[in-house]
Every structure is written in structure tokens, then in C-alpha cells.
Amino acid sequence: MNYLTFDTVPLLTQGTAEQNQLYERQPWQKLVLIFLVELIGTALLMLFGCIGLVPKHPGFEVSEYNGAIGFAGIVAIIIVIIGRISDCHINPCVTLCALLLGKLPILTSFVYFAAEFLGAIIGYGVLVVISPYNILNSSDSGYCVTSPVVGLTAWQALIIEGITTGVLILLVCAVWDPKSGNGDCGPLKFLVMIFFASVVVGPLTGNSLNPARSLAPAIYNNSWNMHWIYWAGPFSGTIISTLFYKYIVMALDNNEREK
């Protein structure tokens, strides 16, 4: 096997040889299945992640850990549910990582992107419907809307989002790497990563790491304050981390193994 590729190696779960053919000339039925599970998975991410940030009534203070627990927990659960089917991207940054690594065909990546953005919009819409009051009438920028804390400059927020997303993508690459031995307990590893990032970075930027996660609340609340950060930061961090892992980490590791 070429150590610089990730061909037929599942991202978050280990499966049979038949399951590992996910990205090789898929029939339209497989693409439809991928679209559906990624759409549902991303919708659940938005629903259960953001619902922890909605107080019981306007003005009520929620715990600073609610969002971290909600997003980390639902990510781990979704990985278990749909990981064997679509590798559970639920994030355009993970899809871009797969594309750069050569694991994902370009056309299939558009299926992922469409499912992720549409799923995020649907998930937040369900939250709006089931909330005990109109959360779109909040006095601030809106519940679950990501925006930098007061005093943080746009460039500072951009760097924070880029670096944190880069760490997430490095974890994705390490779990994906067939030579790393890190493929086991994927849900637990991502639970820890999301919880850690949410607690540490959340108070500063909202800890998006996911353009689809930021887009949906922005649309419903018409809140676009520094929104470009949550596209430029995560995508730039993804590109840098993916190329670094592919062409430096794996290349050096391959050279060591050949000695």
C-alpha cells in the first residue's frame, strides 16, 4: 500500500472489506444513502448541540458546560450510528480533508457538502420549532450563533478557529492513518476533542470548527457579525493540517519504516 494515501481505510470506524469499498465507483443508491445519513447526522448535531445553549426562559443563565457536553456527546453518538455507512463527516472540513487525501472523489464530496449544509439548516429549524419560546427574538446575536467575544479582533478569532480546526483534522488523519494504530475507540477520542475545544475555545469564538454549524444559526437569526471567520478559519486550518500530515508526517514515517 502507498503510505501517502488512505485508500479504502475507514475514517472513524473499522469495517469489513466490503464496507471499505465505500468510495469506489458507488452506485446512485449508495450516494443517496450517504446523503441521507449525513443530512440526518448533521441535523442531529445542530439540534442536540444547540439545544444545550437554549435557556429555560429568556434571561436564564445556562451552564458554560452545556454546549460542550451537548456537542461532544452527540458527535460520539452519531459516529456510532452512521460511521460505518459514511464515515460520519457531518462537517465540510472533514469532507475537504478526505478529498485532499484522495479518499473521496470530487463528485461524491459535493453530495457530502450538500447533505451537511442542508442538514444543519434543518436541524436548527427543528430547534426553533420545539423551543418553549421564540429563540429568534433574543436580544443578543442569537442562540448558538458563533461570533468572537468582545475585545477579540477578527484576525485573532481567525487564528484561533484555524488552529483549533487544524488540531481536529490532525486527529481525523491520525484515526484514519492505517499505520497509526489509532482507529479504535474513535467515538471516545472525538468526544474528548470536541469537549476540550468547546470548553477552552468556546468562550472566545464559539468553537465552530464547522462552517455548516455556523451558517445555519446565522441564517435564521440574520446575524453575520464576522461570519467570514467561520469559513476562512476552519477551511484554512483543514488544508494546512491535511497537507502537513499527508506530505510530512506520513512521508517521514514511511522513510523510517523503509530503513
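Here is a short back-and-forth about this predicted model.

Me: Which residues form a disulfide here, with sulfur atoms 1.9 Å apart?
Reply: The cut-off for a disulfide is a sulfur pair within 2.5 Å. The count under that rule comes to one. The pair with sulfur atoms 1.9 Å apart is Cys50 and Cys144.

Me: How many residues apart in sequence are the parts that Cys50 and Cys144 tie together?
Reply: Cys50 and Cys144 form a disulfide. Cys50 sits in helix 1 (residues 28-51), while Cys144 is in the loop between helix 4 (106-130) and helix 5 (154-176), so the parts they tie together are separated in sequence by 94 residues.

Me: Is the disulfide of Cys50 and Cys144 left-handed or right-handed?
Reply: Both Cys50 and Cys144 are buried. What settles the hand is the torsion about their S-S bond: that is about -65°, so the disulfide is left-handed.

Me: Why is there no bond from the sulfur of Cys97 to the closest cysteine sulfur?
Reply: Burial first: Cys97 is buried, with a relative accessible area of 0%. A disulfide needs sulfur atoms within 2.5 Å. The closest cysteine sulfur to that of Cys97 is in Cys173, and it is too far for a bond, at 3.7 Å.

Me: And how far is the sulfur of Cys93 from the closest cysteine sulfur?
Reply: Cys93 is buried too, with a relative accessible area of 0%. Its closest cysteine sulfur is in Cys97, too far for a bond at 9.5 Å.

Me: Moving to the rings, is the aromatic pair of Tyr65 and Phe195 stacked or edge-to-face?
Reply: The model has seven aromatic pairs by the ring rule. For Tyr65 and Phe195, the centres are 6.4 Å apart and the planes are at 15°. Planes under 30 degrees apart count as stacked, so this pair is stacked.

Me: Where in the chain is Phe195, and where is Tyr65?
Reply: Tyr65 is partly exposed at 37% relative accessible area, and Phe195 is partly exposed at 32%. The pair links distant parts of the chain, 130 residues apart: Phe195 is in helix 6 (residues 186-205), and Tyr65 is in the loop between helix 1 and helix 2 (66-86).

Me: Which residue of the Phe117 and Trp231 pair counts as buried?
Reply: The rings of Phe117 and Trp231 have centres 5.4 Å apart and planes at 5°, so they are stacked. The pair links helix 4, home of Phe117, to helix 8 (residues 229-258), home of Trp231. Trp231 is partly exposed, with a relative accessible area of 28%. The buried one, at 18% relative accessibility, is Phe117.

Me: Which residue joins Phe117 and Trp231 in a cluster of ring pairs?
Reply: Phe117 and Trp231 form a stacked pair. Ring pairs link them into a cluster with Phe235.

Me: Which helix supplies the largest share of the largest nonpolar core?
Reply: That core has 50 residues, and Tyr124 and Ile135 touch the most other members. Contacts of Tyr124 include Cys50 and Cys144. Helix 1 through helix 8 each supply at least two residues of the core. The largest share is eight residues, from helix 2.

Me: How far apart are the end C-alpha atoms of residues 153-176?
Reply: The unreviewed UniProt entry lists 153-176 among its transmembrane regions. In the model this span is 96% helix and 0% strand, and its end C-alpha atoms are separated by 34 Å.

Technical notes. Residues are numbered from 1 along each chain as its sequence is written. This is a predicted model: local features need pLDDT of at least 70, side-chain atom pairs count only at pLDDT 80 or more; totals for chains, interfaces and linings use all residues. Side-chain values use heavy atoms; hydrogens and water are left out. UniProt positions are given in the numbering used here, feature names are shortened, and annotations may be inferred rather than shown by experiment. Helices (H or I, at least four residues) and strands (E, at least two) are DSSP runs, numbered from the N terminus. Buried means under 20% relative accessible area, exposed over 50%, partly exposed in between (1.4 Å probe, protein chains only). Rings of Phe, Tyr and Trp (its six-membered ring) pair if their centres lie within 6.5 Å; planes under 30 degrees apart count as stacked, over 60 as edge-to-face and the rest as tilted. A nonpolar core is a set of buried Ala, Val, Leu, Ile, Met, Phe, Trp, Tyr and Cys residues joined through side-chain atoms within 4.5 Å. Contact means heavy atoms within 4.5 Å. Lists of a residue's contacts leave out its neighbours within four places in sequence.
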